[in-house]
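Here is a short report for someone meeting this structure for the first time. Take a look at the sequence and the model before reading on.

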Amino acid sequence: MIVAVVVVAVLLSTAAGLALVRVVRGPALLDRVVAAEVLISIIIGALGAEAAVNRHATTLPILIALSMLGFVGSVALVRFAAGEEA
């Protein structure tokens, strides 16, 4: 079990680091928006993995709030960017 937790932690950390690089170096606004969405998804995955390992559901409201934040934020920024291009 500990090996699986370590593997998941390493994979999620690597993915988060790569998403952060894309947020910082993204050539366009939409690249940064997609990278931020990926980063939020990675955080949701990490919190879900933590809840599964510790067998509790206390982080469920946080997962729902992060999901809503990611969706609303992405849609708002894409609408803003689409308004600039049109």
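The report goes from the whole chain to single residues.

**Overall build**

This is a predicted model. The protein has three helices and zero strands. From the N terminus on, its elements run α-α-α. The radius of gyration is 15 Å, well over the 12 Å that the globule rule gives for 86 residues, so the protein is more spread out than a compact globule. Along the principal axes, the C-alpha atoms fill a box of roughly 50 × 25 × 10 Å.

How much of the chain is buried? Of the 86 residues, 17% count as buried. The accessible surface comes to about 6100 Å². Carbon and sulfur atoms own 76% of that surface.

Contacts also reach along the chain. Take the contacts with a separation of 6 or more: residues 24 or more positions apart account for 43% of them.

**Confidence**

The average pLDDT of the protein is 89. A score of at least 70 is reached by 97% of the residues. Which helix has the highest mean pLDDT, and which the lowest? Helix α1 has the highest, at 93, and α3 has the lowest, at 86. A general caution applies: where pLDDT is low, the predicted coordinates should not be read in detail.

**Helix α1**

Helix α1 covers residues 2-25. Gly17 lies in this helix. Gly17 has 30% relative accessibility, so it counts as partly exposed. Its C-alpha atom is separated by 18 Å from that of Ala49, 32 residues apart along the chain.

Leu20 also lies in α1. With 44% relative accessibility, Leu20 counts as partly exposed. Leu20 and Val5 are 15 residues apart in sequence. In space they are 22 Å apart, C-alpha to C-alpha.

**Helix α2 and the loop after it**

Helix α2 takes in residues 29-54, and Val53 has its place there. Val53 counts as partly exposed because its relative accessibility is 37%. What does Val53 touch, not counting residues up to four places away in sequence? Val53 touches Met1 and Val5. The C-alpha atoms of Val53 and Leu11 are separated by 16 Å, and these two residues are 42 apart along the chain.

Next comes the loop between α2 and α3. Arg55 lies in this loop. Arg55 is not a glycine, yet it has a positive phi of about 55 degrees. Is Arg55 buried or exposed? At 76% relative accessibility, Arg55 counts as exposed.

Thr59 lies in the loop between α2 and α3 as well. Thr59 has 10% relative accessibility, so it counts as buried. Leaving aside neighbours within four places in sequence, Thr59 is in contact with Leu47, Glu50 and Ala51.

**Helix α3 and its surface patch**

Helix α3 spans residues 60-85. Ser74 lies in this helix. Its relative accessibility is 17%, and the cut-off for buried is under 20%. Therefore Ser74 counts as buried. Ser74 touches Val33 and Glu37, not counting residues up to four places away in sequence.

Val75 lies in α3 too. Is Val75 buried or partly exposed? Val75 counts as partly exposed, because its relative accessibility is 36%.

Val75 belongs to a nonpolar patch on the surface. The other members are Leu60, Ile64, Met68, Phe71 and Val72. Together, the residues of this patch have about 570 Å² of accessible area.

**Accessibility at a glance**

The table collects the residues discussed above.

| Residue | Element | Relative accessibility | Class |
|---|---|---|---|
| Gly17 | α1 | 30% | partly exposed |
| Leu20 | α1 | 44% | partly exposed |
| Val53 | α2 | 37% | partly exposed |
| Arg55 | loop between α2 and α3 | 76% | exposed |
| Thr59 | loop between α2 and α3 | 10% | buried |
| Ser74 | α3 | 17% | buried |
| Val75 | α3 | 36% | partly exposed |

Technical notes. Residues are numbered from 1 along each chain as its sequence is written. This is a predicted model: local features need pLDDT of at least 70, side-chain atom pairs count only at pLDDT 80 or more; totals for chains, interfaces and linings use all residues. Side-chain values use heavy atoms; hydrogens and water are left out. Patches are made of residues with over 30% relative accessible area and no salt bridge: like charges are joined within 9 Å, nonpolar side chains (Val, Leu, Ile, Met, Phe, Trp, Tyr) within 5 Å. Accessible areas come from the Shrake-Rupley method with a 1.4 Å probe; for residues, only the protein chains shown count as cover. A salt bridge is a side-chain nitrogen of Lys or Arg within 4 Å of a carboxyl oxygen of Asp or Glu. Helices (H or I, at least four residues) and strands (E, at least two) are DSSP runs, numbered from the N terminus. Buried means under 20% relative accessible area, exposed over 50%, partly exposed in between (1.4 Å probe, protein chains only). Contact means heavy atoms within 4.5 Å. The radius of gyration is taken over C-alpha atoms; the globule rule is 2.2 Å times the number of residues to the power 0.38. pLDDT is the predictor's confidence in each residue, from 0 to 100.
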